[in-house]
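Colleague: I would like to go through this entry feature by feature. Please give the general idea each time, then the case at hand.

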Amino acid sequence: MIVKTDTTGAADTALSLYLADEASTEELGKLLAMASSQSTADNEVGPTLGGRLFLSGDLGAGKTTLSRGIVRAYGHHGAVKSPTYTLVEPYELVNGNIYHFDLYRLSEPEEVEFLGVEDYFSPRNLCIIEWAEKGAGFLPRPDLRVTLSIEGEGRRATLGADTKRGHEITQNLLGLCQNRQFGTP
Ligand code: ADP
Ligand code: MG
């Protein structure tokens, strides 16, 4: 994985990572899974401690690729489809429940209520939400926001924490990234 980290000194720690290729985006997903789980050893994903992760960025920015990395790291071996039409795809796995949303097709934010989001957003579940902005006003606030954008041949991921839990995940992720080989965009 080729990533480059720049951290700002701001209170809301922002972490910026350059992802050279698709495999790097999936790898960041795996690191995020490790960072949000109770892992006992390096390079291992433990039971999910839950959390809400909002993914932003244009179509093709890599949101589903990142989600796939997280879901696979939690032990799902099959395909990870984009929930564009189903709006939510559940993964009830040995290491915990993950609910992957894609709200792109919502025409009104109110429609989020028909999904029964309250049930999904239990603190023990990991909820990954692509296009959360489409449900603005009807979703609880995220722990962590990841914005993906196209940069050269690759992608840039910018992470921002909104809650204590989000800061905890970011700090864990920083620790994990420091053990990796970094490259330049
Ligand atoms: P989104 O869900 O944001 O619409 P996808 O995850 O479906 O985007 O990804 C769109 C395309 O971007 C895929 O073809 C994927 O292979 C590619 N991709 C993902 N990450 C990277 C990266 N770091 N560098 C280059 N291409 C990438
Ligand atoms: Mg997508």
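Modeller: Start with burial: a residue counts as buried when its relative accessible area is under 20%. Keep in mind that this is a predicted model.

Colleague: Why does Cys-127 count as buried?

Modeller: Cys-127 has 1% relative accessibility, so it falls under the 20% cut-off. Cys-177 counts as buried too, because its relative accessibility is 1%.

Colleague: How many disulfides are there?

Modeller: A disulfide is a covalent bond between the sulfur atoms of two cysteines. The rule applied here asks for a pair of cysteine sulfur atoms within 2.5 Å. The count by this rule is zero.

Colleague: Now the ligand. Which residues come nearest to ligand 1?

Modeller: There are 17 residues around ligand 1, and Thr-25, Gly-60, Lys-63, Thr-64 and Thr-65 come nearest.

Colleague: How is that shell made up by class?

Modeller: Seven residues of the shell are charged, six are polar and four are nonpolar.

Colleague: Which polar atoms lie opposite those of ligand 1?

Modeller: For one oxygen atom of ligand 1, an N or O atom in the side chain of Lys-63 is 2.7 Å away. The side chain of Arg-155 has an N or O atom 2.9 Å from an oxygen atom of the ligand. On the backbone side, a polar atom of Asp-21 is 2.9 Å from a ligand nitrogen.

Colleague: How much of the accessible area of ligand 1 does the protein cover?

Modeller: On its own, ligand 1 has 570 Å² of accessible area, and the protein covers 74% of this.

Colleague: Which elements give two or more residues to the shell?

Modeller: They are helix H1 (22-35), helix H2 (63-73) and strand S8 (154-161). H2 has the largest share, with three residues.

Key:
Residues numbered from 1 in each chain as written. Chains lettered and ligands numbered in written order. Predicted model: local features only at pLDDT ≥ 70, side-chain atom pairs only at ≥ 80, totals over all residues. Heavy atoms only, no water. Buried < 20%, exposed > 50% of the residue type's maximum accessible area, 1.4 Å probe, protein only. Near = heavy atom within 4 Å. Polar contact = N/O pair within 3.5 Å; in protein donor to acceptor, adjacent residues only side chain to side chain. Areas by Shrake-Rupley, 256 points an atom, 1.4 Å probe, with all protein chains shown as cover. Helix = DSSP H or I, 4+ residues; strand = E, 2+ residues; numbered from the N terminus. Nonpolar A, V, L, I, M, F, W, Y, C, P; charged D, E, K, R; others polar.
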